[in-house]
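Colleague: Please take one part of this model and go through it closely, with the backbone and the strand pairing treated together. Add the surroundings afterwards, as far as they can be described.

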Amino acid sequence: MCGLDVTSSSKCFVMAADIQIAARKISSVNPATGALLRQFEGASAADVDEAVARAQIAQMAWAEVGVSERVAVLREFQRGLLEKKLEIAEAITREAGKPVAEALTTEVLVVLDAARFLIDNAYRFLRDEPVPHGNLATKLKRGRLLRVPYGVIGMIAPWNYPFSIPATETLAALVAGNAVVLKPSEFTSLVGLELQSLLHAAGVPQDVFQVVAGEGATGVALIQSKIDKLIFTGSVATGKRIAVAAAERLLPVVLELGGKDPMLVLEDADVDAASSAAIWGAFVNAGQTCLSVERCYVHCRRYDDFLGACEEKTKKLRVGNGMDRESDVGPMIHERQLRTVEAHVEDAVARGARVLAGGRHLPELGKNFYAPTVLADVTHEMRIMREETFGPVLPVMAFDDDDEAVRLANDSEFGLAASVFTRDDARGERLARRIHAGTVMVNDLVSCFGISEAPHGGVKSSGVGRAHGRFGLEEMVRLKYVDVDLMPGMKKVWWYGYGMRFAQQMEGFLEMQFSRSLQDRVQGALRAAGVVKRKRL
Ligand code: NAD
């Protein structure tokens, strides 16, 4: 790993366009207790370049190994992770705050299943594919589609799912034959290192997977290094900066960015189930989930019942250190994130929203705790309904009919995911088709991230490209087309040796192949006759 424990105060500098950015010391801190877990020196641009150079060399041998052997390494990784499931979950809780049970379900389980999906399917999805030709002129050729690894994939990850996000992407990249250089979030470097240990123990060569710890400056250095593709997960603001930097050098990128996911509760919904879903969807990981419910729209006839149920259930939630097995909601990652939540709630209240539960910082538990909050009577004029809050807040608004619900859901710059709650599946699916989002779930939410077969990714400001499933694997390969002519000694009819006769023959050939009228096709065939025997240079 680059970015070692701090032993000296030497600074490293990274050139970002013409701005000089200092790579600073980074501290890994337990967000529940404030305890310092470890300090690192941020990896410098030179460290990043070295890591990428080593990865380039190691990747060549890794690509040669073949898919079945790489699948065997994934199997070993899966075995090792299963064995260490609790150790990994606790490491996640210590550094990112979420309750251990959540770390097991939303991180470890997701990665074990992503490995299962790739073990079962990678060979089938990555093997060469025949490309039959429909055009008569190219019938005597054999086409094949190859899926070739990019080489070195750079990954920049966030802190909110510090294990499952980089691990699911890394497994797909590795099985496709790439090397990976991962820059974890500066808040969760230790979890990045846990992933590294598991992969190396499973047989991934040291230089095929490397971690470079650091802040944004290390990320900038990774983008400017010789990586072949970048997979970025993080905020829209950083994603836009990265898109600009990547465009400068035509670096292909996947951008998995923020969300403001709407939940629609239709008139016929089961209010008990929908309210339980809403509070979990809004407060899971203390609301710091890209797919969390950030806006909730409820049919006006169910509005009061729904709010009552949410209020009652929210007040029963236990907030505390995620290591305590009785905690439902852990701390936020840091005070800055908590201040954003406070500002959004204050803005909503000032504009007329009612606080039914929570609505306040919980300093008695620690500086990063915020009470799970239910807000009623919110409007689209409030920040809480327009900007990503990324905290434990459920803002609820009423609607009159399905059309209004869809209009409100689509009135956002984001489009990551959405959910619809109804007793009528078909109605739910009809609405799902009208909502602008990468994923829409009917009668559940957030769990799409754990469906290994499902593509994950957004539209509008929520990003570009897909993770997970077949399409996530496709992001890890370049498509290469190879075509073999089956008549190597034959001069092709379209080669030189043009003239009036040839032009007439080609007109006939086009009629023969594409005309809708049988008569024209027969006449075209007669005009085209002799084209194969035509003299060519
Ligand atoms: P962030 O954008 O602040 O940071 C993400 C990563 O980018 C970190 O590793 C950070 O060090 C790095 N970085 C920062 N500036 C950089 C720069 N100029 N160049 C290169 N790298 C840079 O995001 P965050 O606070 O870590 O994560 C929360 C955000 O991520 C939320 O907006 C959330 O919605 C989003 N997110 C999206 C998904 C998804 O799948 N769509 C998943 C998880 C989180």
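Modeller: His468 is found in the loop between β19 and α14 (469-474). The model is predicted, and this applies to everything that follows. The phi angle of His468 is near 70°, a positive value in a residue other than glycine. As for solvent, His468 counts as buried because its relative accessibility is 11%, and the cut-off for buried is under 20%.

A second residue with this kind of backbone is Asn443. Its phi is positive, about 65°, although Asn443 is not a glycine. Asn443 lies in the loop that connects β18 with β19 (463-464). With a relative accessibility of 35%, Asn443 is therefore classed as partly exposed, whereas His468 at 11% is classed as buried.

The loop that holds Asn443 begins after β18, so I turn to the sheet that β18 belongs to. This is an open sheet of 7 strands, ordered β14-β15-β16-β13-β12-β17-β18, and its pairing is mixed. Its edges are β14 (354-357) and β18 (439-442), each of which pairs on one side only. On average, and with direction ignored, neighbouring strands of the sheet are turned by 25° against each other.

At the β18 edge, the partner is β17 (residues 417-421), and the two strands pair in the parallel sense over 4 bridges. Within that pair, Val420 stands opposite Val442 of β18.

Further along the strand order comes β16. Strand β16 covers residues 393-399 and is mostly covered, with 6 of its 7 residues buried. On one side β16 is joined by 4 bridges to β13 (residues 293-299), and these two strands run parallel. Here Val298 has Ala398 in β16 as its bridge partner. β16 also pairs with β15 (residues 373-376), again in the parallel sense, over 3 bridges. In this pair Val374 stands opposite Leu394 of β16.

Now the packing. The largest nonpolar core has 80 residues, and Phe77, Leu81 and Phe163 have the most contacts inside it. Helix α4 (residues 100-126) gives the most to that core, 12 residues. Leaving out residues up to four places away in sequence, Phe77 touches Val111, Leu171, Leu195, Leu198, Leu199 and Ala202. A second core, separate from the largest one, has 67 residues, and Ala286, Leu307, Ala376 and Leu431 are among them. Of these named members, Ala376 falls within the residue range of β15, 373-376.

Last, the open space in the model. The volume of the largest pocket is about 1300 Å³. It is lined by 46 residues, and those nearest its centre are Phe232, Ser235, Ala237, Thr238 and Arg241. Two or more lining residues come from each of β2 (19-23), α7 (216-224), β10 (229-233), α8 (236-248) and α11 (335-350). The largest share of the lining, 8 residues, is from α8.

To return to the starting point: His468, in the loop between β19 and α14, combines a positive phi near 70° with a buried position at 11% relative accessibility.

Definitions and conventions
Residues are numbered from 1 along each chain as its sequence is written. This is a predicted model: local features need pLDDT of at least 70, side-chain atom pairs count only at pLDDT 80 or more; totals for chains, interfaces and linings use all residues. Side-chain values use heavy atoms; hydrogens and water are left out. A nonpolar core is a set of buried Ala, Val, Leu, Ile, Met, Phe, Trp, Tyr and Cys residues joined through side-chain atoms within 4.5 Å. Buried means under 20% relative accessible area, exposed over 50%, partly exposed in between (1.4 Å probe, protein chains only). Contact means heavy atoms within 4.5 Å. Two strands pair if DSSP finds at least two bridges between them. Axes are lines fitted to C-alpha atoms, for helices over the stretch in contact, and angles run from 0 to 180 degrees between N-to-C directions. On a 1 Å grid over the protein atoms alone, a cavity is a set of points where a 1.4 Å probe fits but cannot get out, and a pocket is an open set with protein on both sides within 12 Å along at least five of seven lines; lining residues have an atom within 4 Å of a point. Grid points are joined across faces, edges and corners, and a volume is the space filled by probe spheres set on the points.
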